[in-house]
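Work through these exercises with the structure open beside you. Try each task before reading its solution.

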Amino acid sequence: MKSESEFVGNVSIVGHGFEYAGRVSNEIKKILLEQGIPEGIVRRVAVVIFEVEVNIISYAETGFIRYQVLPDSIIIEAKDKGQGIADIELAQQEGYSTADDKIREMGFGAGMGLANIKKFSDVFEINSEVGKGTYVKSIINIDKKRS
Amino acid sequence: MNLDFIVEKMELKCKCCWENLRREVSGGYVGDLLSDVIANSNSGDIWVTRQVHQNIVAVATLKEHAGIIIIQGAQPDKDTIEKAAKEGMPIMVSSLPAFEVVGKIYHLMHYT
């Protein structure tokens with residue numbers, strides 16, 4: 001079923017560019033604030049986008065992030081072409097990481113990325129195929145009373 | 001408490017964004033693991049870290065921190081300062097280790 005969205009955006013990301021970490025989340029954050037989305041919701045969306053952005057930069061060749069603003073929720077989807085994740089259950093455990101030294105030198109790779117996405121999402125889905133890539137979906141509800 | 005009060009009392013060396021030192025500091029966080037800082041710090045925090053690369057600016061901007069204090073006299077990378085200047089994120093350097101930096105700031109915030 002196709003739902004009618006208020007606002008949709010797509011951003012492409014090229015892997016291995018640590019100097020750009022945060023660029024996408026920062027831009028989308030500004031756009032959402034301009035759209036009048038409550039600050040608390042925007043902060044959660046920004047964290048989810050930042051973490052998927054860092055994952056694409058760290059582990060994939062290319063990827064894209066799509067965000068969709070609906071009246072009651074924001075849907076974030078990230079899809080990449082890359083090495084994929086062999087054990088998704090394990091990868092979601094805080095502290096488990098396959099990061100190399102370069103990623104760790106940049107302050108990432110502590111094994112908290114997926115756990116953070118889950119923590120800041122209301123709904124979280126992940127699919128991955130080794131050697132092909134990973135798909136992450138996060139839904140954040142816009143609860144005007146809570147935010 | 002404003003950031004400039006902390007900078008003055010702690011004799012911090014400010015590396016950029018002097019124009020933003022009037023910012024209000026509402027709390028603080030210490031950490032070198034960026035995802036830990038992302039998960040647990042709050043907006044308005046002063047962030048104390050030993051990391052010097054430009055991703056600290058990305059994280060501090062994401063979390064809307066008041067500023068970043070780099071400990072042990074470590075110097076931020078050139079591109080870290082450039083990125084911080086662009087984002088308006090103050091970076092300060094202290095010659096002290098994290099334990100002492102945090103202890104002093106905590107005292108300033110709660111007992112002065």
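**Exercise 1: Two glutamates in loops**

B:Glu11 counts as exposed, because it has 10 C-beta neighbours inside 10 Å. The model is a predicted one.

Task: Locate B:Glu11 and describe its phi.

Solution.
- Step 1. Find the loop between α1 (3–10) and β1 (13–16) of chain B; B:Glu11 sits there.
- Step 2. Read the phi of B:Glu11: it is near 50°. That is a positive value in a residue other than glycine.

Task: Do the same for B:Glu64, then decide whether B:Glu64 is exposed, partly exposed or buried.

Solution.
- Step 1. B:Glu64 lies in the loop between α3 and β4 (67–70) of chain B. It follows α3(B).
- Step 2. The phi of B:Glu64 is near 55°, again positive in a residue other than glycine.
- Step 3. Count the C-beta neighbours of B:Glu64 inside 10 Å: there are 16. A residue is exposed at 12 or fewer and buried at 20 or more. B:Glu64 therefore counts as partly exposed.

**Exercise 2: Helix α3 of chain B**

Task: Work out how enclosed α3(B) is, and by what.

Solution.
- Step 1. List the buried residues of α3(B): B:Asn55, B:Ile56, B:Val57, B:Ala58, B:Val59, B:Ala60, B:Thr61 and B:Leu62.
- Step 2. Compare with the length of the helix. Eight of the eight residues are buried, so α3(B) is largely enclosed by the rest of the structure.
- Step 3. Look for the cover. From chain A it includes α1 and α2. From chain B it includes α2, β3 (45–49), β4 and α4.

Task: Describe how α3(B) packs on α4(B).

Solution.
- Step 1. Take α3 (residues 55–62) and α4 (residues 78–87) of chain B; their axes come within 8 Å and cross at roughly 25°.
- Step 2. Angles under 35 degrees count as roughly parallel. So α3(B) is roughly parallel to α4(B).
- Step 3. Add the handedness: α3(B) passes α4(B) in a right-handed crossing.
- Step 4. Name the partners. α3(B) brings B:Ile56, B:Val57 and B:Thr61. α4(B) brings B:Thr80, B:Lys83, B:Ala84 and B:Glu87.
- Step 5. Sort the residues of this contact by class: three are nonpolar, two polar and two charged.

**Exercise 3: α1 and α2 of chain A**

Task: Describe how α1(A) packs on α2(A).

Solution.
- Step 1. The axes are 8 Å apart, at an angle of about 155°.
- Step 2. Angles over 145 degrees count as roughly antiparallel. So α1(A) is roughly antiparallel to α2(A).
- Step 3. The crossing of α1(A) past α2(A) is right-handed.
- Step 4. α1(A) contributes A:Val24, A:Ser25, A:Ile28, A:Lys29, A:Leu32 and A:Leu33. α2(A) contributes A:Val42, A:Val45, A:Ala46, A:Ile49, A:Phe50 and A:Glu53.
- Step 5. The classes are nine nonpolar, one polar and two charged.

Task: Is A:Lys29 buried or exposed, and what does A:Lys29 contact?

Solution.
- Step 1. A:Lys29 belongs to helix α1 of chain A.
- Step 2. A:Lys29 has 23 other C-beta atoms within 10 Å, so A:Lys29 is buried.
- Step 3. Set aside neighbours within four places in sequence. A:Lys29 is then in contact with A:Val42 and A:Ala46.

**Exercise 4: α2 and α5 of chain A**

Task: Describe how α2(A) packs on α5(A).

Solution.
- Step 1. Their axes lie 9 Å apart, and the angle is about 155°.
- Step 2. That angle makes α2(A) roughly antiparallel to α5(A).
- Step 3. α2(A) passes α5(A) in a left-handed crossing.
- Step 4. Among the contact residues are A:Val47 and A:Val48 of α2(A) and A:Ile117 and A:Phe120 of α5(A).
- Step 5. Six residues of the contact are nonpolar, three polar and two charged.

Task: Where on α5(A) do its buried residues lie?

Solution.
- Step 1. The buried residues are A:Gly113, A:Leu114, A:Asn116, A:Ile117 and A:Phe120.
- Step 2. Seen down the helix axis, they fall within an arc of 160°, so they line one face of α5(A).
- Step 3. Their cover includes α2, α3 (88–91), β4 (123–129) and β5 (133–141) of chain A, together with α2 (34–40) of chain B.

**Exercise 5: Where the chains meet**

Task: Describe the side of chain A that touches chain B.

Solution.
- Step 1. The contact takes 17 residues from chain A and 15 residues from chain B.
- Step 2. On chain A, the elements giving two or more residues are α1 (23–34), α2 (39–59) and α5 (113–120).
- Step 3. By class, that side of chain A has nine nonpolar, six polar and two charged residues.

Definitions and conventions: Residues numbered from 1 in each chain as written. Chains lettered and ligands numbered in written order. Predicted model: local features only at pLDDT ≥ 70, side-chain atom pairs only at ≥ 80, totals over all residues. Contact = placed C-beta atoms within 7 Å. Helix = DSSP H or I, 4+ residues; strand = E, 2+ residues; numbered from the N terminus. Nonpolar A, V, L, I, M, F, W, Y, C, P; charged D, E, K, R; others polar. Axes fitted to C-alpha atoms, helices over the stretch in contact; angles between N-to-C directions. Parallel < 35°, antiparallel > 145°, perpendicular 65-115°, else oblique. Left-handed = near helix turned anticlockwise from the far one by under 90°. Arc of directions from axis to C-beta.
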